[in-house]
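Colleague: I'm new to this one. Can you walk me through the side-chain contacts?

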Amino acid sequence: MSVKLAVKPQLQPKAAAAGGAYDLIIIGGGPAGLTAAIYAGRARLKTLIIEKMVLGGQASTAFQIENYPGFPEAVAGHELAQKMADQANKLGVEVLWGGAAELKKEEQSWSVQVDGKPVRAKAVIIATGWENAKLGVPGEAKFRGRGVSYCATCDGAFYKDKNIIVVGGGNSAIEEALFLTRFAAKVSVVHRRDELRADKILAERAKSHPKIYFFWHAVVEEIRGDKNVAEVALKDLVSGKKLIVPVDGVFIYVGSQPNTGFLKGLIKLDDHGYILTDEKMKTSAEGLFAAGDVRAKTLRQIVTAAADGAQAAESAREYIESKG
Ligand code: NAP
């Protein structure tokens, strides 16, 4: 288990390395987890964030964020993530790099297995967010990394002057389609309906962009190629006609699935696997709280994740103090 502090790995938290105990463990270092850490740090709780990828979560891969208050000129996802991590870091919050696999209630605490080793805390906030949903069509898994991508910020630059397909009609799909026009010759959005789910301001921008085209009420049936992606087979859902479109890249944004696999049977989840909480972010298990996109909720935004994180930290503090 390697252990790191802040966005870039630096120090090894001694207590975590020794399997030691914290007041609060936060699983997941996205905007919800980092905000919870800031509030917990200010409440002088001994706090550990467990993160397996990068601080800032999905938000850190956004090219630019235009709807987080205080940034009228927009802010790059990685820059906002760095600022949040710096703020938590200044308050003495520690970060342990690794995947949380199992949570267990012990007498006075919760234990979290991180890469086979336990760390313990009086309370735990789960802020594990979500990962991109998969289309589940032939060729998707085979060509992942060879033309199929779920991250325009990571892979967009490989598609200079190429033809790209973006699948989906939500905020992610349309934001990333707009971003990809910086590189690609042509970006075609494949959406299963004839109306975008994305915010109106993004939809307007995409519809008037000279490089963006739309395949309305269409779905991808197969992604094909030899070594790399070469074409996709589309089906028009109205006419039933099939269409083969030559492409170099397929970027998939068809929603999300929550990272709650390790929680099954432990706390109440909704039918889609999101965590059910009350308005104080309490889950169905005492001492376990949840915050951010992993929670069953209607609006998944950085600002709502941050709000959840603040409330979860406050509820965790109250809980810890009530236990003496
Ligand atoms: P989303 O809002 O759930 O949109 C998913 C899109 O994929 C929808 O257009 C959906 O079609 C389509 N889709 C779903 N399953 C499909 C399938 N099997 N085949 C083809 N198309 C499929 O997901 P998202 O865009 O990833 O956003 C996730 C959350 O983050 C949302 O709450 C979103 O508002 C938020 N977000 C916000 C921003 C921002 O505010 N700037 C940026 C990114 C994400 P239908 O429309 O027909 O259902």
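Colleague: Which residues form one aromatic cluster?

Modeller: F63, F179 and F183 do. Bear in mind that this is a predicted model.

Colleague: How many aromatic pairs are there by the ring rule?

Modeller: The count comes to 6 aromatic pairs. Take F63 and F179. Their ring centres are 4.6 Å apart and the planes meet at 40°, so this pair is tilted. The two rings come from distant parts of the chain, 116 residues apart. F63 is in the loop between β2 (47-51) and α3 (77-90). F179 is in helix α5, residues 171-180.

Colleague: Is F63 buried or exposed?

Modeller: F63 counts as partly exposed, at 29% relative accessibility. F179 counts as buried, at 8%.

Colleague: And why does F179 count as buried?

Modeller: Because its relative accessibility is 8%, and buried means under 20%.

Colleague: What about F289 and Y319, what kind of aromatic pair do they form?

Modeller: That pair is edge-to-face. The centres are 6.1 Å apart, with 65° between the planes. F289 sits in strand β17, residues 288-290. Y319 sits in helix α7, residues 302-322. The two are 30 residues apart, and the pair links distant parts of the chain.

Colleague: How accessible is each ring residue there, F289 and Y319?

Modeller: F289 counts as buried at 2% relative accessibility. Y319 is buried too, with a relative accessible area of 12%.

Colleague: Staying with rings. Which charged end sits over the ring of Y274?

Modeller: The charged end of R300 does, 4.1 Å from the ring centre. Y213 has a charge over its ring as well. There, the charged end of K186 lies 5.0 Å from the centre.

Colleague: New topic. How many salt bridges does the structure hold?

Modeller: It holds 15 salt bridges. One of them joins K46 and E94. Their closest N and O atoms are 3.8 Å apart.

Colleague: Where do K46 and E94 lie?

Modeller: K46 is in the loop between α2 (31-42) and β2. E94 is in strand β3, residues 94-97. The pair therefore ties together parts that are 48 residues apart in sequence.

Colleague: Are they buried or exposed, K46 and E94?

Modeller: K46 counts as partly exposed, at 37% relative accessibility. E94 counts as buried, at 18%.

Colleague: Back to helix α7. Which residue forms a salt bridge with E318?

Modeller: K280 does, with the closest N and O atoms 3.2 Å apart. K280 lies in the loop between β16 (256-258) and β17, and E318 lies in helix α7. They are 38 residues apart, so to speak two distant parts of the chain linked by one pair.

Colleague: How accessible are they, K280 and E318?

Modeller: K280 counts as partly exposed at 31% relative accessibility. E318 is partly exposed, with a relative accessible area of 34%.

Colleague: And E314, which residue does it form a salt bridge with?

Modeller: With R317. The closest N and O atoms are 2.6 Å apart. Both residues lie in helix α7, 3 residues apart, about one turn of the helix. E314 counts as partly exposed at 30% relative accessibility.

Colleague: Which residues do shared salt-bridge partners join into one network?

Modeller: E222, R224 and E231.

Colleague: One more on α7. Is D308 buried or exposed?

Modeller: D308 is buried, with a relative accessible area of 6%. Its place is in helix α7.

Colleague: What joins the side chains of D308 and K297?

Modeller: A polar contact of 3.0 Å. Leaving aside neighbours within four places in sequence, D308 is in contact with M281, A291, G292, R295 and K297.

Colleague: Last topic, the ligand. Which residues around it come nearest?

Modeller: N67, S172, E175, R193 and R197 come nearest, of the 17 residues around the ligand.

Colleague: How far is E175 from the ligand's nitrogen atom?

Modeller: An N or O atom in the E175 side chain is 2.7 Å from a nitrogen atom of the ligand.

Colleague: And what do R192 and R197 lie by?

Modeller: A polar side-chain atom of R192 is 2.9 Å from an oxygen atom of the ligand. For R197, a polar side-chain atom lies 2.6 Å from an oxygen atom of the ligand.

Key
Residues are numbered from 1 along each chain as its sequence is written. This is a predicted model: local features need pLDDT of at least 70, side-chain atom pairs count only at pLDDT 80 or more; totals for chains, interfaces and linings use all residues. Side-chain values use heavy atoms; hydrogens and water are left out. Rings of Phe, Tyr and Trp (its six-membered ring) pair if their centres lie within 6.5 Å; planes under 30 degrees apart count as stacked, over 60 as edge-to-face and the rest as tilted. Helices (H or I, at least four residues) and strands (E, at least two) are DSSP runs, numbered from the N terminus. Buried means under 20% relative accessible area, exposed over 50%, partly exposed in between (1.4 Å probe, protein chains only). A charge sits over a ring if NZ of Lys or CZ of Arg is within 6 Å of the ring centre and within 35 degrees of the ring normal. A salt bridge is a side-chain nitrogen of Lys or Arg within 4 Å of a carboxyl oxygen of Asp or Glu. A polar contact is a pair of N or O atoms within 3.5 Å; within protein, one must be able to donate a hydrogen and the other to accept it, and residues adjacent in sequence count only if both atoms are side-chain atoms. Contact means heavy atoms within 4.5 Å. A residue is near a molecule or strand if one of its heavy atoms lies within 4 Å of it.
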